[in-house]
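This report takes up a pocket, the helices around it and one pair of aromatic side chains, and it is best read with the model open alongside.

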Amino acid sequence: PDGWRRDDRPLIPGMAAERAMPEGALPSPSALLIRVALQSDDPALVEKAVVATELGRQKAQLEPFWYAGHHAVLLTPASQTP
């Protein structure tokens, strides 16, 4: 509910969740999961994707280069979400 974690058992206990995962050599896993979840027939999953999108909105808007996948989800109208 408070963001994304890279591991269910982080090496450093108490590390905060990330509101959006940055892009790297590979696309952001959080952005990819949001895009896939938005295509679901499950309304609860779609709602979780919408909430996750909004959690990362500020980071994606402030740093679109590092959060390109998340930024792309924000720019895609709901009616055109792949």
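## The largest pocket

Helix α2 supplies the largest share of the lining of the largest pocket, namely 6 residues. The model is a predicted one, and the volume computed for this pocket is about 290 Å³. Its lining is made up of 13 residues, of which G3, W4, K48, A49 and A52 are the closest to the centre of the pocket. The elements that contribute two or more residues to this lining are α1 and α2.

Sorted by class, the lining of the largest pocket comprises 10 nonpolar residues, together with 1 polar and 2 charged residues.

## Helix α1 and its buried face

Helix α1 covers residues 29-38, and its buried residues are S30, A31, I34 and A37. When the helix is viewed down its axis, these buried residues of α1 fall within an arc of 130 degrees, so they line one face of the helix. Such a pattern can be read against the general geometry of the fold element: an α-helix has 3.6 residues a turn, so residues three or four places apart point the same way. The partners against which the buried residues of α1 pack are α2, residues 43-55, and α4, residues 68-75.

Two residues of α1 may be set side by side. S30, which is found in this helix, has a relative accessible area of 1% and counts as buried, because the cut-off for that class is under 20%. Once its neighbours within four places in sequence are left aside, S30 is in contact with W4, A20 and M21. R35 also lies in helix α1, but its relative accessible area is 25%, and R35 is therefore classed as partly exposed.

## Distances between α1 and α2

Two C-alpha distances relate residues that are separated in sequence. R35 and V50 stand 15 residues apart along the chain, while their C-alpha atoms are 9.8 Å apart in space. I34 and V51 are 17 residues apart in sequence, and the distance from C-alpha to C-alpha is 9.5 Å.

Of these residues, I34 belongs to the buried set of α1, whereas V51 has its place in helix α2 and, with a relative accessible area of 42%, is partly exposed.

## Helix α4 and what covers it

In helix α4, the buried residues are G69, H70, V73 and L74. Seen down the axis of α4, these residues occupy directions within an arc of 145 degrees, so they too line one face of their helix. The cover over the buried residues of α4 includes α1 and α2, along with α3, which spans residues 57-62. The contact with α1 also appears from the other side, since the buried residues of α1 pack against α4 as well as α2.

## The aromatic pair

How many aromatic pairs does a search of the whole structure find? The search returns 1 such pair. The pair consists of F65 and W66, whose ring centres are 4.9 Å apart and whose planes meet at 85 degrees, so the arrangement is edge-to-face; the reasoning rests on the cut-off that planes over 60 degrees apart are assigned to that class.

The two partners fall into separate accessibility classes: F65, at 64% relative accessibility, counts as exposed, whereas W66, at 47% relative accessibility, counts as partly exposed.

How values were computed: Residues numbered from 1 in each chain as written. Predicted model: local features only at pLDDT ≥ 70, side-chain atom pairs only at ≥ 80, totals over all residues. Heavy atoms only, no water. Phe/Tyr/Trp six-rings, centres within 6.5 Å; stacked < 30°, edge-to-face > 60°. Buried < 20%, exposed > 50% of the residue type's maximum accessible area, 1.4 Å probe, protein only. Helix = DSSP H or I, 4+ residues; strand = E, 2+ residues; numbered from the N terminus. Arc of directions from axis to C-beta. Contact = heavy atoms within 4.5 Å. 1 Å grid on protein atoms, 1.4 Å probe; cavity = no way out; pocket = protein on both sides within 12 Å on 5 of 7 lines; lining within 4 Å. Points joined across faces, edges and corners; volume = space filled by probe spheres on them. Nonpolar A, V, L, I, M, F, W, Y, C, P; charged D, E, K, R; others polar.
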